[in-house]
Amino acid sequence: MPFESYRQTQLFARAISKAAEEKTMPPWFADPSVGHFSNDPSLSAAEIVTLVAWTQAGSPAGEEKDAPPRRLWLEGWSIPKPDLILKMPQPVLLPASGDIEYTYEIVPTHFAEDRWVQMAEVLPGLRSNVHHGVVYIRPPDSHWLWHAPVGVPFTASALSDPEDRRGAHWTDSDVLLVYAPGSSPDEWSAKMAKFIPAGSDLVFQMHYTTNGHAGSDQTSIGLIFSKQVPEQRVLTLQLTNDHFLIPPGDQNYRVEARGTLPNDATLLSFLPHMHLRGIQFEYNIVHRNGDVAGKPVYEIEPLLRVHYHFHWQMSYRLAEPRFLKGGTELQAVAWYDNSEKNPHNPDPRAAVRWGEQTYDEMMVGFFDVAVPTSLDKQHFFIRTKN
């Protein structure tokens, strides 16, 4: 429901007051004791007191002359008017029921020159059926999905080339943007942007779910370009563990992934991704402090701790970006509730593994870093010997 006018809002005054007091709205799931984030929408104590007092007073209207100008929304977009909108050329037809294999569509950019992307937003055509979407950058010299059709939807099982089928399930191509329910657009400072080489394609990887109604989706991405070459390039990386088995009934199953940065980078933001059994996700730095009696000593520095909510898969942007030296060890830890006490659990009797469908599970800790503009993702992962 819209809250753009007094009449629209007053109807929900008690619900707004209650949600504010309970801090369930605006949605924000980061543990306040860990880190500070620039996109934290949480209300201040004074704002909550004001809302509660307004409700208790009968939610009176203010003076019309004091009202702010009515906000103008671009239809569908949260970012300012995009410089370019690229849409999947053909709609994807979705059945009313059953599982849907990951669907891909390759969209040529036709860029005659390199482009730097300052802001980006994915806009699903049929939001109710989009579990998530990832838009990848395929440079002109890439052989990823080399034999796949362009401009039409396809799935891995429909590809005849074995290498293409493997590539549909795993790629090291650079990510332009990840969309999930509750996620926000990318917006980078004037000194940094994401890079799309001239002649690149964008590859839309779409995960659809069914809801009893047939339909079709034609997702778009809106791009706003930097007016000059920035000082830093943004890369989206991830810590992933796809080898786990969550026992039936386990209320607090732990899955971990670790990795070291191959080169210096500035840490910018996080986007944790799990499915319906996910309850908590955290990112840490692991400091190795030598050893005692032959055993290594670790110190864990928390960066983000999230009380995970599948329907609000938010990004968390550091208020102060953190420079990290090459070799810094990062850790992602996820917890799952596979018991009947989890109201979102599809089946507490099932042992759960990694899988693409919503009733399966995932453990992906996306995070964004800034590196020199000359350093692409492939060269970033070339480790230099000290």
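These questions and answers walk through a few helices and strands of a predicted model.

Me: Which residues of helix α4 are buried?
Reply: Helix α4 spans residues 162-169. Buried means under 20% relative accessible area. The residues of α4 that count as buried are D164, G167 and A168.

Me: How wide an arc do the buried residues of α4 cover around the axis?
Reply: The buried residues are D164, G167 and A168. They sit on the same side of α4, because their arc around the axis is narrow enough to put them there. An α-helix has 3.6 residues a turn, so residues three or four places apart point the same way. The arc covered is only 105°.

Me: Which residues are exposed on the other side of α4?
Reply: One side of α4 holds the buried D164, G167 and A168. Exposed means over 50% relative accessible area. On the other side, the exposed residues are R166 and H169.

Me: What do the buried residues of α4 pack against?
Reply: D164, G167 and A168 are the buried residues here. Their packing partners are β3 (103-108) and β9 (201-208).

Me: Which residue caps the N-terminal end of α4?
Reply: Look at the backbone nitrogen of E163. A side-chain oxygen lies 3.0 Å from that nitrogen. The oxygen belongs to the capping residue, D161.

Me: Are α2 and α3 roughly parallel or roughly antiparallel to each other?
Reply: The axes of α2 (residues 13-22) and α3 (residues 45-56) come within 9 Å. They cross at roughly 150°. Angles over 145 degrees count as roughly antiparallel. Therefore α2 and α3 are roughly antiparallel.

Me: Is the crossing of α2 and α3 left-handed or right-handed?
Reply: The contact is made by residues including I16 and A20 of α2 and L51 and W54 of α3. The crossing of these two helices is left-handed.

Me: Is I106 buried or exposed?
Reply: I106 is found in strand β3. Its contacts beyond four places in sequence include L145, F154, L202 and V203. Its relative accessibility is 0%. So I106 counts as buried.

Me: How far apart in space are G365 and N241, C-alpha to C-alpha?
Reply: G365 is found in strand β19 (residues 364-372). At 0% relative accessibility, G365 counts as buried. Among the residues it touches, leaving out those up to four places away in sequence, are L239, F281 and Y283. G365 and N241 are 124 residues apart in sequence, but in space their C-alpha atoms are separated by 9.1 Å.

Technical notes
Residues are numbered from 1 along each chain as its sequence is written. This is a predicted model: local features need pLDDT of at least 70, side-chain atom pairs count only at pLDDT 80 or more; totals for chains, interfaces and linings use all residues. Side-chain values use heavy atoms; hydrogens and water are left out. Buried means under 20% relative accessible area, exposed over 50%, partly exposed in between (1.4 Å probe, protein chains only). Helices (H or I, at least four residues) and strands (E, at least two) are DSSP runs, numbered from the N terminus. The arc is that of the directions from the helix axis to the C-beta atoms. Contact means heavy atoms within 4.5 Å. A polar contact is a pair of N or O atoms within 3.5 Å; within protein, one must be able to donate a hydrogen and the other to accept it, and residues adjacent in sequence count only if both atoms are side-chain atoms. Axes are lines fitted to C-alpha atoms, for helices over the stretch in contact, and angles run from 0 to 180 degrees between N-to-C directions. Angles under 35 degrees count as roughly parallel, over 145 as roughly antiparallel, 65 to 115 as roughly perpendicular and the rest as oblique. A crossing is left-handed if the near helix is turned anticlockwise from the far one by less than a right angle, and right-handed if clockwise.
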